[in-house]
Amino acid sequence: QVQLVESGGGLVQAGGSLRLSCAVSGLTSSRNTMGWFRQAPGKERELVSAITWIGGTTYYADSVKGRFTISRDNAKNVVYLQMNSLKPEDTAVYLCAARTLRGLPIESRGGYTYWGQGTQVTVSS
């Protein structure tokens with residue numbers, strides 16, 4: 001059974017930092033790309049960042065480039081999203097997702113099959 005469990009969300013003031021974690025189980029050799037998405041009320045789900053398990057190629061949305069850093073620990077099967085210089089517009093539910101489909105560019109929003117339950121990030125001004 002595949003499970004993705006996020007943690008690390010919370011309430012932080014603008015300019016602060018949070019680190020999200022996504023623990024992955026039940027998905028080993030078939031995993032390809034891990035993504036962090038976010039969804040704010042009334043807005044489309046946005047791919048914030050992604051990383052490949054092999055090679056560690058990364059992608060960042062323009063809105064977070066230079067502030068967020070994605071990384072993974074292959075031994076622990078955990079993906080992290082370090083978020084610095086947070087802004088009120090970063091407020092959203094952040095979801096971890098796994099893509100096993102190969103051949104898609106890393107910036108593609110498609111092909112994600114497995115999803116976590118999400119963790120709330122709230123940035124106050």
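In which strand is threonine 52 found? Threonine 52 is found in strand β5. The model discussed here is predicted.

**Threonine 52**

Threonine 52 has a relative accessible area of 13%. Because buried means under 20% relative accessible area, threonine 52 counts as buried. A polar atom of its side chain lies 3.2 Å from the backbone nitrogen of glycine 56. Leaving aside residues up to four places away in sequence, threonine 52 touches Asn32, Thr33, Thr57, Arg72 and Ile106.

**The nonpolar cores**

One of the residues touched by threonine 52, Ile106, also belongs to a second, separate core of six residues. Phe37, Ala50 and Ala97 are also included in that second core. The largest nonpolar core has 28 residues, and Met34, Trp36, Met83 and Tyr94 touch the most other members. Several elements give two or more residues to this largest core, including β3, β5, β9 and β11. The table lists some of these contributing elements with their residue ranges.

| Element | Residues |
|---|---|
| β3 | 18–25 |
| β4 | 33–39 |
| β5 | 46–52 |
| β8 | 78–83 |
| β9 | 92–99 |

**The disulfide**

A disulfide is a covalent bond between the sulfur atoms of two cysteines. The count in this model comes to one disulfide. This bond joins cysteine 22 to cysteine 96, with an S to S distance of 2.0 Å. Cysteine 22 lies in strand β3 and cysteine 96 in strand β9, so the pair ties together parts that are 74 residues apart in sequence. The torsion about the S-S bond of these two cysteines is about -75 degrees, and the disulfide is therefore left-handed. Both cysteine 22 and cysteine 96 are buried.

Key: Residues numbered from 1 in each chain as written. Predicted model: local features only at pLDDT ≥ 70, side-chain atom pairs only at ≥ 80, totals over all residues. Heavy atoms only, no water. Core = buried A, V, L, I, M, F, W, Y, C linked by side-chain atoms within 4.5 Å. Buried < 20%, exposed > 50% of the residue type's maximum accessible area, 1.4 Å probe, protein only. Helix = DSSP H or I, 4+ residues; strand = E, 2+ residues; numbered from the N terminus. Disulfide = S-S within 2.5 Å. Polar contact = N/O pair within 3.5 Å; in protein donor to acceptor, adjacent residues only side chain to side chain. Contact = heavy atoms within 4.5 Å.
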